[in-house]
Amino acid sequence: MGKRRLALCAGVLTVTAFGPAACAAYAADGGDVSVVPAAPAPGADIALRVTGCDAREAVAQSPALVSDARLTPDYGDGLAGDGRVRSTLTAGTYTVTVACDGTEHKGTVEVRRKQAPAAGAEPSAHPSPVAPVNAGGGGAARVLADGRERHGPGAAQTVVALALAGTAALTVYRAARRQARRGRGTG
């Protein structure tokens, strides 16, 4: 009974904590057309979905989009596709229209400007790499960028290798002695 109660409480807690926030942030639904994310920034990629449309294909049009978005059958009831918000847009609400089966479906997308960092604040990440990227070659890019080449193992690697070799030799020697004692004792 304890496991069932724990599972039930965890499920209720999850739905209570994440349900309303997830629904509100997931899609702006101004009609039959939904947009994800609900409030994209200029230049962002968005997903469009229209329900109540029986056509095999439709086109979503909006002054907020870079170009018309082609919508194709979705897994559920409706059509879906991707689009991109114009990078030059000002913040505001824009209409998205989908003509389907002689019916016009409408929705909205609320474009929000990105928050500018506070005065004197440093960005948390550089917009592009500022140093060699550790990709492939086991991190050789950084060594090659330093301009110096390393030859052979250093002192620390040599000491570790000698310690491991000594331990292996001692283990083999002890195993051989044990085997020899067993052989003398049984004969």
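**Exercise 1. Work out whether R70 is buried or exposed in this predicted model, then find its salt-bridge partner.**

Step 1. Start with the accessibility: R70 sits at 54%. The cut-off for exposed is over 50%, so R70 counts as exposed.

Step 2. Now look for the partner. The R70 side chain meets that of E57 in a salt bridge, at 2.9 Å from N to O.

Step 3. Place both ends on the chain. E57 belongs to the loop between β3 and β4, while R70 is in strand β5; the two are 13 residues apart, and the pair links distant parts of the chain.

Step 4. Check the other end too: E57 has a relative accessible area of 43%, so it goes down as partly exposed.

**Exercise 2. Count the salt bridges, and classify the ends of the K106 and E110 pairs by accessibility.**

Step 1. The count comes to five salt bridges.

Step 2. Take K106. Its side chain pairs with that of E104 at 3.6 Å, N to O. K106 is partly exposed at 42%, whereas E104, at 51%, counts as exposed.

Step 3. Then E110, whose side chain meets that of R112 at 3.3 Å, N to O. With 35% for E110 and 46% for R112, both ends land in the partly exposed class.

**Exercise 3. Decide whether H105 is buried or exposed, and find the side chain that makes a polar contact with its own.**

Step 1. H105 lies in strand β8.

Step 2. Its relative accessibility is 6%. Buried means under 20%, so H105 is buried.

Step 3. The polar partner is D32: the two side chains make a polar contact at 2.9 Å.

Step 4. Set aside neighbours within four places in sequence, and the contacts of H105 include D32, V33, V50, G52, V96 and V98.

**Exercise 4. Find which residues touch the most other members of the largest nonpolar core, and which strand supplies the largest share.**

Step 1. This core has 22 residues, and L48, V50, A60, L71, V96 and V98 touch the most other members.

Step 2. Go through the strands: β2, β3, β4, β5, β7 and β8 each supply at least two residues. The largest share, four residues, comes from β7.

Step 3. Zoom in on V98. Leaving out neighbours within four places in sequence, V98 is in contact with V33, V50, A58, V59, A60, L71, T103, E104 and H105. That list brings back H105 from Exercise 3 and E104 from Exercise 2.

Step 4. For background, nonpolar side chains tend to be buried together in soluble globular proteins.

Definitions and conventions
Residues are numbered from 1 along each chain as its sequence is written. This is a predicted model: local features need pLDDT of at least 70, side-chain atom pairs count only at pLDDT 80 or more; totals for chains, interfaces and linings use all residues. Side-chain values use heavy atoms; hydrogens and water are left out. A nonpolar core is a set of buried Ala, Val, Leu, Ile, Met, Phe, Trp, Tyr and Cys residues joined through side-chain atoms within 4.5 Å. Buried means under 20% relative accessible area, exposed over 50%, partly exposed in between (1.4 Å probe, protein chains only). Contact means heavy atoms within 4.5 Å. A polar contact is a pair of N or O atoms within 3.5 Å; within protein, one must be able to donate a hydrogen and the other to accept it, and residues adjacent in sequence count only if both atoms are side-chain atoms. A salt bridge is a side-chain nitrogen of Lys or Arg within 4 Å of a carboxyl oxygen of Asp or Glu.
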